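Me: I have a model open and would like to go through the reasons behind its labels. Could you take my questions one by one?

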Amino acid sequence: MKLISTSNYEKLSQLAAEEIILQIKKNPSLNLGLATGSTPTGLYKELIRDHKQNKTSYKEMNTFNLDEYIGIPKKDRNSYHYFMCENLFEHIDIPLDQTHIPDGTAKNLDEECSRYEQFINEHGGIDLQILGIGQNGHIGFNEPGTPFDSRTHIIDLAESTRKANARFFESLEDVPKQAITMGIASIMDCKEIFLLVSGASKAKALARLMNGEINEQFPASVLKTHQNVTIFADKEATAFL
Ligand code: F6R
């Protein structure tokens, strides 16, 4: 794993955006894996700014999101569909039918998981995946204990994850208890991975990732066995390194 540490969150977002834009220029039909949450929003702002200024085009690309809550309709402001439209898709020129997110309202959720996994494979796999990390080491919504050989599946969200994400909802009770997430093996299949880590609340997790052992109790540790991972971390996140 290569670690790039930056003086602040803005720099982290800029550097990651520059790398992604370079890759899009080299390969306009890049398959880009996306994450939600607070961490990548600065990166998405940079991609939007660049699209407006420099006309970088997303017309030929496909995007694949890591996860979606179960039971939240796409149009609900708390769905990851809504989040992605608001924070990225509606500000760039990507056709919406080339943006892919698991359907957390599918009638048959197990079938939806297999469909999504197969769909990514049919598109030739993900070239570059953006990841954030949970304080408990989750990647995607793969909570501690998720097998390293897992594929896209339904997961019960850890209480700590629901609490961390309650800031987006009116109350903790409104936070869904389950989500569909790409599995650990699905993430490991991505050709390249950018892990973004920002803020003091992630410092312990980053230190455990860098210095701890590879263990299913700390899902992100699997990334140590991937050939092409770059970690972008800001100063606060590197406090314990
Ligand atoms: C989001 C996702 C999660 C988040 C993680 C960090 O699609 O898969 O793993 O990346 O929970 O969230 P933030 O960035 O809000 O701290």
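Reply: Gladly! Helices here are DSSP runs of H or I with at least four residues, and strands are E runs of at least two. By that count, the span 11-229 is 33% helix and 15% strand, and its end C-alpha atoms lie 19 Å apart. Please keep in mind that this is a predicted model.

Me: What makes residues 11-229 a span worth naming?

Reply: That comes from a record: an unreviewed UniProt entry lists residues 11-229 as "domain: Glucosamine/galactosamine-6-phosphate isomerase".

Me: Where is Lys-11, and why is Lys-11 called partly exposed?

Reply: Lys-11 is found in helix α1, which covers residues 9-26. A residue is buried with 20 or more other C-beta atoms within 10 Å and exposed with 12 or fewer. Lys-11 has 16, so it is partly exposed. Its C-alpha atom is separated by 9.5 Å from that of Phe-232, although the two are 221 residues apart along the chain.

Me: Which strands does β10 pair with, and how do you know that they pair?

Reply: Pairing takes at least two bridges found by DSSP. 5 bridges join β1 to β10, and these strands run parallel; Leu-3 has Ile-231 in β10 as its bridge partner. Strand β9 (residues 192-197) also pairs with β10 in the parallel sense, over 5 bridges, and there Leu-196 stands opposite Phe-232. From β9 the chain crosses through helix α7 (residues 203-211) to β10 in a right-handed β-α-β crossover.

Me: Why is β10 described as largely enclosed?

Reply: Strand β10 spans residues 229-234, and 5 of its 6 residues are buried, so the rest of the structure largely encloses it.

Me: What is the strand order of the sheet with β10, and which strands are called its edges?

Reply: The open sheet has 7 strands in the order β1-β10-β9-β6-β2-β3-β5, with parallel pairing. β1 (2-6) and β5 (99-100) are the edge strands, as each pairs on one side only. Further in, β2 (residues 31-34) and β3 (residues 62-65) are joined in the parallel sense by 4 bridges, with Leu-34 opposite Asn-65 in β3.

Me: And what makes β4 and β7 edge strands?

Reply: They belong to an open, antiparallel sheet of 3 strands, ordered β4-β8-β7. β4 (67-69) and β7 (153-156) each have a single partner strand, so one side of each has no neighbour in the sheet. The twist averages 30° from one strand to the next. As for the pairing of β7 with β8 (residues 178-181), it is antiparallel with 4 bridges, and His-153 has Thr-181 in β8 as its bridge partner.

Me: Which residues are annotated as "active site", and why does Asp-67 count as buried?

Reply: The unreviewed UniProt entry gives "active site" for Asp-67, Asn-136, His-138 and Glu-143. Asp-67 lies in strand β4. There are 23 other C-beta atoms within 10 Å of Asp-67, against a cut-off of 20 or more, so it is buried.

Me: How do you know whether Ala-220 is buried or exposed?

Reply: Ala-220 has 28 C-beta neighbours inside 10 Å; the cut-off is 20 or more, so Ala-220 is buried. It lies in the loop between α7 and β10. The C-alpha atoms of Ala-220 and Asn-136 are separated by 9.1 Å, with their positions 84 residues apart along the chain.

Me: What is noted about the phi of Lys-55, and why is Lys-55 called exposed?

Reply: Lys-55 has a positive phi of about 65° although it is not a glycine. This residue lies in the loop between α2 (41-54) and β3. With 8 other C-beta atoms within 10 Å, where exposed means 12 or fewer, Lys-55 is exposed.

Me: Which residues come nearest to the ligand, and what classes make up the shell?

Reply: Of the 14 residues around the ligand, Thr-36, Gly-37, Ser-38, Thr-39 and Gly-132 come nearest. By class, the shell holds 5 nonpolar, 8 polar and 1 charged residues. If the polar number looks odd to you, note that Gly is counted as polar here.

Terms used. Residues numbered from 1 in each chain as written. Predicted model: local features only at pLDDT ≥ 70, side-chain atom pairs only at ≥ 80, totals over all residues. UniProt positions renumbered as here; feature names shortened; annotations may be inferred. Near = placed C-beta within 6 Å. Right-handed = clockwise from strand over helix to strand, strands pointing away. Axes fitted to C-alpha atoms, helices over the stretch in contact; angles between N-to-C directions.
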